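Visitor: Please take me through one part of this model in close detail. I would like the metal site, set against the fold as a whole.

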Amino acid sequence: MLSFNQFFESEKLNHSPIFNILNDIKNGSILINNILLNGNPNDLVSSGLKNIQEENVQKLDIIANNILLDLFQKNESINGILSEENENIIQGNKKGNYLIAMDPLDGSSNISVNIPVGSIFSIFKKKNSGSSAIEEDFLKKGKDQECAVYILYGTATIFVIALNNKVHGFTLNLEKKEFYLTYPNINIPENGNIYSINEGNIRSVEKEIKQYVNYCKKLNNNGKRTHTGRFIGSLVADFHRNMMKGGIFIYPKTSDKPNGQLRLIYECNPIALIAKYANAKSSDGAQNILEKKPKTIHERTAFIVGSIKMVDKLLNFYKNE
Ligand code: AHG
Ligand code: MN
Ligand code: MN
């Protein structure tokens, strides 16, 4: 089985700036994983603070953000960083050609109850190098991403990357402190039977979403269920399961969250690129996620992603006006 380094050697990328960035992400994720595995209850609680979006910030949100920012700010290729945990963008090396947007810890409300969480990264090139990053540099369409990564800290720790039109998964070997290529060339099944949505929102979502969820709940001629509902509440974990087994993840607009809950640039775009390279599909109900031009750095969007046939089935409800 190829190690992380051997894989990038085989792809002739081991001397590229992208590899150095991925290496920082890898090392950061190992440090975050260690803290999660140590399970010190003092680390796994709320910080008592709220972020600019009025959400509770967990201690580990801050710790993970600091670990990753520290690594990225030492990387000469990285010009600027956008993080869920920082209101403004963070400067890197003026001469660097790359920008990173990240959700350092996804699903953080699950930390204190020992449920999988993740980290998400979107990596893209800066248009003009030699100048400091500005917000405008991050307002790129998802299709312009060079590479996308998530790490799932689950029963095993898995690093999933979308690069050069392919998706690969690496599993962390804790003894060797190294990732190995365990899932080369991942393809999302074109159909599946898992639907993932927070049902607590169902009364305040668009009628098309209600229609699709009702369709998922239909029984077959033998009176058996046709679909199964699964919702962890950590996007990375919900998406990963659906990617491996076939399924659809939906976080629609709700009356509480009229623009949806998930952030376009550092949550939806990287997951959407991974979905695309693994032959699946994403949408906000009206438009492909990867075609959306963000207007602000922390912008939210409705998000539908998963097996092509399931996403198409849902989108058909929007077409049958
Ligand atoms: P984060 O912890 O980075 O703020 O993200 C949480 C997100 C996502 O992971 C999950 O799918 C969603 O919020 C859950 O929202 P609800 O609690 O509204 O279901
Ligand atoms: Mn998140
Ligand atoms: Mn987060």
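Among contacts in the protein between residues at least 6 apart in sequence, what percentage join residues at least 24 apart?

Guide: The answer is 63%. Keep in mind throughout that this is a predicted model.

Start with the frame. The protein has 8 helices and 17 strands. Its radius of gyration is 19 Å, close to the 20 Å that the globule rule gives for 321 residues, so the protein is as compact as a globular protein of that length. The C-alpha trace spans about 60 × 40 × 40 Å along its principal axes. Buried residues make up 54% of the 321. The exposed area is about 14,600 Å², with 45% of it supplied by carbon and sulfur atoms. As for charge, there are 38 positive and 33 negative side chains. The centres of these two sets lie 6 Å apart.

Now the metal site. Two manganese ions, ligand 2 and ligand 3, sit 3.8 Å apart. Asp103 coordinates both.

Take the manganese ion (ligand 2). Its protein donors are Asp103 (OD), Asp106 (OD) and Glu267 (OE). They lie 1.8 to 2.2 Å from the ion. Their spacing in sequence is D-x2-D-x160-E. Distant parts of the chain are linked here: Asp106 belongs to strand E5 (residues 98-106), while Glu267 belongs to helix H7 (residues 264-277). These two residues are 161 residues apart. Both are covered. The relative accessible area is 5% for Asp106 and 2% for Glu267. Buried means under 20%, so Asp106 counts as buried, and so does Glu267.

Turn to the manganese ion (ligand 3). The protein donors are Glu84 (OE), Asp103 (OD) and Leu105 (O), at 2.1 to 2.2 Å. Along the chain they follow the spacing E-x18-D-x1-L. Glu84 lies in the loop between strand E3 (78-83) and strand E4 (90-91), and Leu105 lies in strand E5. This pair is 21 residues apart and again links distant parts of the chain. Glu84 has 7% relative accessibility and counts as buried. Leu105 is buried too, with a relative accessible area of 2%.

Follow helix H7 away from Glu267 and the picture changes. Lys276 also has its place in helix H7. At 47% relative accessibility, Lys276 is partly exposed, whereas Glu267 is buried. For a sense of distance, compare the C-alpha atoms of Lys276 and Phe179. They are separated by 24 Å, and the two residues are 97 residues apart along the chain.

One more helix completes the view. In helix H6 (residues 235-245), 9 of the 11 residues are buried, so H6 is largely enclosed by the rest of the structure. Its buried residues include Leu235, Val236, Ala237 and Phe239. Charged and polar names are on that list as well, among them Asp238, His240, Arg241 and Asn242. Just after H6, Gly246 takes a positive phi of about 95°.

To put the site together: Asp103 is shared by the two manganese ions. Asp106 and Glu267 join it at ligand 2. Glu84 and Leu105 join it at ligand 3. Strand E5 supplies Asp106 and Leu105, helix H7 supplies Glu267, and the loop between E3 and E4 supplies Glu84.

Notes. Residues numbered from 1 in each chain as written. Chains lettered and ligands numbered in written order. Predicted model: local features only at pLDDT ≥ 70, side-chain atom pairs only at ≥ 80, totals over all residues. Heavy atoms only, no water. Donors = N, O, S within 2.8 Å, 3.2 Å for Na, K, Ca; no water. Helix = DSSP H or I, 4+ residues; strand = E, 2+ residues; numbered from the N terminus. Buried < 20%, exposed > 50% of the residue type's maximum accessible area, 1.4 Å probe, protein only. Rg over C-alpha atoms; globule rule 2.2 N^0.38 Å. Contact = heavy atoms within 4.5 Å. Areas by Shrake-Rupley, 256 points an atom, 1.4 Å probe, with all protein chains shown as cover. Lys, Arg positive; Asp, Glu negative; His and termini not counted. Charge placed at Lys NZ, Arg CZ, Asp CG, Glu CD.
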